[in-house]
Number of protein chains: 2
Amino acid sequence: MKVTIKDIAREAGVSVATVSNVLNGKGRVSAETAERIQRIIAEKNFVPSTLARGLKNKNTQLISVIVPYLKRGNFEENPFFWQLISGVEMGTKDHKFNVMLTRVEQDNDLSFVQMHNVDGLIVVGIDADSELYRSILALKIPTVFMDSYIDQPGLYQVHNDDLLGGYLGTKHLISQGHTKIVLVVGKLADRGVDFQRLLGYKKALAEAGLAYDARLVLENGGSMLGGYHAAQKLISLPEKVTAAFVLSDIGAMGLIKGLYEMGKEVPADLSVVGYDDIFYSEYTIPSLTTIRQDIFKKGKMAADLLLAQINGEPVTEKNILLPVELKVRASTAKIL
Amino acid sequence: MKVTIKDIAREAGVSVATVSNVLNGKGRVSAETAERIQRIIAEKNFVPSTLARGLKNKNTQLISVIVPYLKRGNFEENPFFWQLISGVEMGTKDHKFNVMLTRVEQDNDLSFVQMHNVDGLIVVGIDADSELYRSILALKIPTVFMDSYIDQPGLYQVHNDDLLGGYLGTKHLISQGHTKIVLVVGKLADRGVDFQRLLGYKKALAEAGLAYDARLVLENGGSMLGGYHAAQKLISLPEKVTAAFVLSDIGAMGLIKGLYEMGKEVPADLSVVGYDDIFYSEYTIPSLTTIRQDIFKKGKMAADLLLAQINGEPVTEKNILLPVELKVRASTAKIL
DNA sequence: AGTAAATGGTTAAACCTTTAATCAAAACTG
DNA sequence: CAGTTTTGATTAAAGGTTTAACCATTTACT
């Protein structure tokens, strides 16, 4: 059936310990023996069982990406997550690690971690105030948090510079003469990614001597449909706004669509800035001005950081802040 | 450290065998004892190790989704895959199975299957003529093929009715008066998804008494960029075409963008039909007429089929054909 | 030559479960 | 009451690998 280390040992006329030693480059084994064993391994296409290994060593070469529960659709809809996961997969592949994808529902069931002896966790966008967060910490296994802004020293975290992103997007609009700028956010909290971007938004306003108006901040615009609905809210605002900064590209797409259906043109009637620079942003009509964050790279970074943590390697910086960049395209224009 | 079956046994004052028995509902154990053990298990939050279990039983509650190598970007770009995987994840979750995501590169390295003792495989869009396909079969583990149209009885396969899809999209355009219809495909082969759709395209043409013209079939249009380039090819065609049927929504988005940049309007100058009905298709401008396939459901179906296979349950039909549907939106219009 | 050190291995226990085989006690039989 | 069946458990082996502790040769040193 399945070829085991025993088969190799028998074939090579040595003990299993010796085979194990050449497998792991440990112990003492002569060059010839090692070579012979290697040859037989290749010949018989032997792959050591991670199960048996893990049982002994407590490691499984398996990490898990946890995406907190989002209502169905939202998750699949946003390429952001997929690019991220793709980056993680890429980052682990070279190190012979595999990635398990696990969507944790409201029950916060993390039993798969113990079941599969997962070596480490990458957690995306979690609230430090949640039950899930506490459960994850209780696991006491190597973990990297992404896009979570958890205010606790010692944690491994990866972010893009969201404050800067919020600032750049807003500043760009201001530089085009806009003064009434709607900010469309997913969920407003006193921490997290959107909060940081809001800080950047405020900073840019303040720098330009513009007053911050909380009524211009529209919530629940994180999804396509959310952005679409935000269009109506935006139109019915008492003051006349000339620009919108939507904190996700898919939200921006929804918003533009909503405006379009109400006869408003982008950017003629309203300038729109998105956030993320997903693949589609270049291909929408009009193409989307947005804040670019290298999502793929972020995923890869998180993987690197996690593997370093798992292998007990020292890292210079546990808290990584990646750059963002303003991509000016066709959805924003100077005010007349 | 980690709580094991031994800890439970000690606490309950029984042997580990007894604990194992209540865990698996086997053997004979009195109601009281069983209850006491259950209580302690819950109390101590004990989860049996899949590693140890798998070592004994040869099953790991782990399946893997294999996406054949695609050039980077293409994979993350197409929400199709993600919806699919999301469906798979959903389909396995209830059965306490977990999903490993594995991108197989050109090296066709499937060693992770043996390493992790993966219980089953879901393979997306593979060519029956490839090395990878042969390697997968050689594994001799439960497998479901999706979107592969492998002409071999006994295999578990899931498809949408691609021939019908090709037919419906073409017929829709013909019904609007179009006679010169470009077909933009990913890769033309003598089998597979695109081939089936091509068959449908031809069928609709034949039915309408229109001649099939191979020059109207444009290749390499499966990605966004591919669709974008297809726009130029389309324009420079000797005959004047009035419609395009692009066999992926993202390709259609690219095409529309390409046309737009060359001053051509959709649907005024050219009608466009896409394929897949991904999330964005409703939000593009103009919204995209497309062939809807329930991708999420397809993923879930594949998962169900795989689990049935793994558990040795009888299935009535190994070869599942799911329906497709024409969604008429704004990117197609009657010819003047 | 006699001892010490290096070389190339082997043995056996451990990791955590499952399960077939076994056993003792209790509950039935007639 | 002696024998049989049922009940409720236990023991021990097995699954594939790693690794510390050993051991027998060979080589090096004075």
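How many residues surround DNA strand D, and which are the closest? To find out, select DNA strand D in this predicted model and display the protein residues around the strand: there are 27 of them, and the closest are Ile5(A), Arg53(A), Ser15(B), Thr18(B) and Arg28(B). Of the atoms of DNA strand D that come within 4 Å of the protein, sugar and phosphate account for 62%.

**Stop 1: DNA strand D**

Stay with DNA strand D and select Ser20(A), where a polar side-chain atom lies 2.7 Å from a phosphate oxygen of the strand. Then move to Asn57(A), which has a side-chain N or O atom 3.3 Å from a sugar or linking oxygen of DNA strand D. The next residue to select is Ala52(B), and here the partner on DNA strand D is a base nitrogen, which lies 3.2 Å from a backbone N or O atom of the residue.

Now colour the helices α2 (16-24) and α4 (50-57) in chain A, and α2 (16-24) and α4 (50-57) in chain B, since these are the elements that give two or more residues to the surface near DNA strand D. If you colour that surface by residue class, you will find 11 nonpolar, 10 polar and 6 charged residues.

**Stop 2: DNA strand C**

Select DNA strand C next, and show the 26 residues that surround this strand, the closest being Thr18(A), Arg28(A), Ser30(A), Ile5(B) and Arg53(B). Sugar and phosphate make up 61% of the atoms of DNA strand C that come within 4 Å of the protein.

Three residues of chain A can be selected one after another here. Thr18(A) places a polar side-chain atom 2.5 Å from a phosphate oxygen of DNA strand C; Ser30(A) has a polar backbone atom 2.6 Å from a phosphate oxygen of the strand; and Thr33(A) has a polar side-chain atom 2.8 Å from a phosphate oxygen of DNA strand C.

Which helices supply at least two residues each to the surface near DNA strand C? Colour α2 and α4 in chain A and α2 and α4 in chain B, and you have the elements that do so. By class, the residues of this surface divide into 10 nonpolar, 10 polar and 6 charged.

**Stop 3: where chain B meets chain A**

Hide the DNA for a while and select the contact between the two protein chains, which takes 59 residues from chain B and 59 residues from chain A. Together the chains bury about 5400 Å² between them, with 64% of that area on carbon and sulfur atoms. On the side of chain B, select Leu51(B), Tyr283(B) and Ile285(B), which lose the most area to chain A and together account for 15% of what that side buries.

Between chain B and chain A there are 4 salt bridges, and one pair to look at is Arg103(B) with Glu89(A), whose closest N and O atoms are 3.2 Å apart in their salt bridge. The count of residue pairs in polar contact between these chains, both at pLDDT 80 or more, is 16.

Several elements of chain B each supply at least two residues to the side that touches chain A, among them β2 (98-104), α11 (224-235) and α12 (249-261). The largest share, 8 residues, comes from α6(B). Taken by class, this side of chain B has 28 nonpolar, 19 polar and 12 charged residues.

**Stop 4: inside chain A**

Finally, show chain A alone and colour its parts separately: domain 1 (5-48), domain 2 (62-160 + 295-323) and domain 3 (162-294). The centres of domain 2 and domain 3 of chain A, taken over C-alpha atoms, are 28 Å apart, and the contact takes 19 residues from domain 2 and 15 residues from domain 3.

These two domains of chain A bury about 1500 Å² between them, of which 53% is on carbon and sulfur atoms. Select Glu77(A), Tyr149(A) and Ile295(A) in domain 2, which lose the most area to domain 3 and together make up 35% of what that side buries.

Between domain 2 and domain 3 of chain A the count is 2 salt bridges. For a last pair, select Arg191(A) and Asp129(A), which form a salt bridge with their closest N and O atoms 3.9 Å apart.

Terms used
Residues numbered from 1 in each chain as written. Chains lettered and ligands numbered in written order. Predicted model: local features only at pLDDT ≥ 70, side-chain atom pairs only at ≥ 80, totals over all residues. Heavy atoms only, no water. Near = heavy atom within 4 Å. Polar contact = N/O pair within 3.5 Å; in protein donor to acceptor, adjacent residues only side chain to side chain. Helix = DSSP H or I, 4+ residues; strand = E, 2+ residues; numbered from the N terminus. Nonpolar A, V, L, I, M, F, W, Y, C, P; charged D, E, K, R; others polar. Domains from an automatic or database assignment. Contact = heavy atoms within 4.5 Å. Buried area = accessible area lost by both parts, 1.4 Å probe. Salt bridge = Lys/Arg side-chain N within 4 Å of Asp/Glu carboxyl O.
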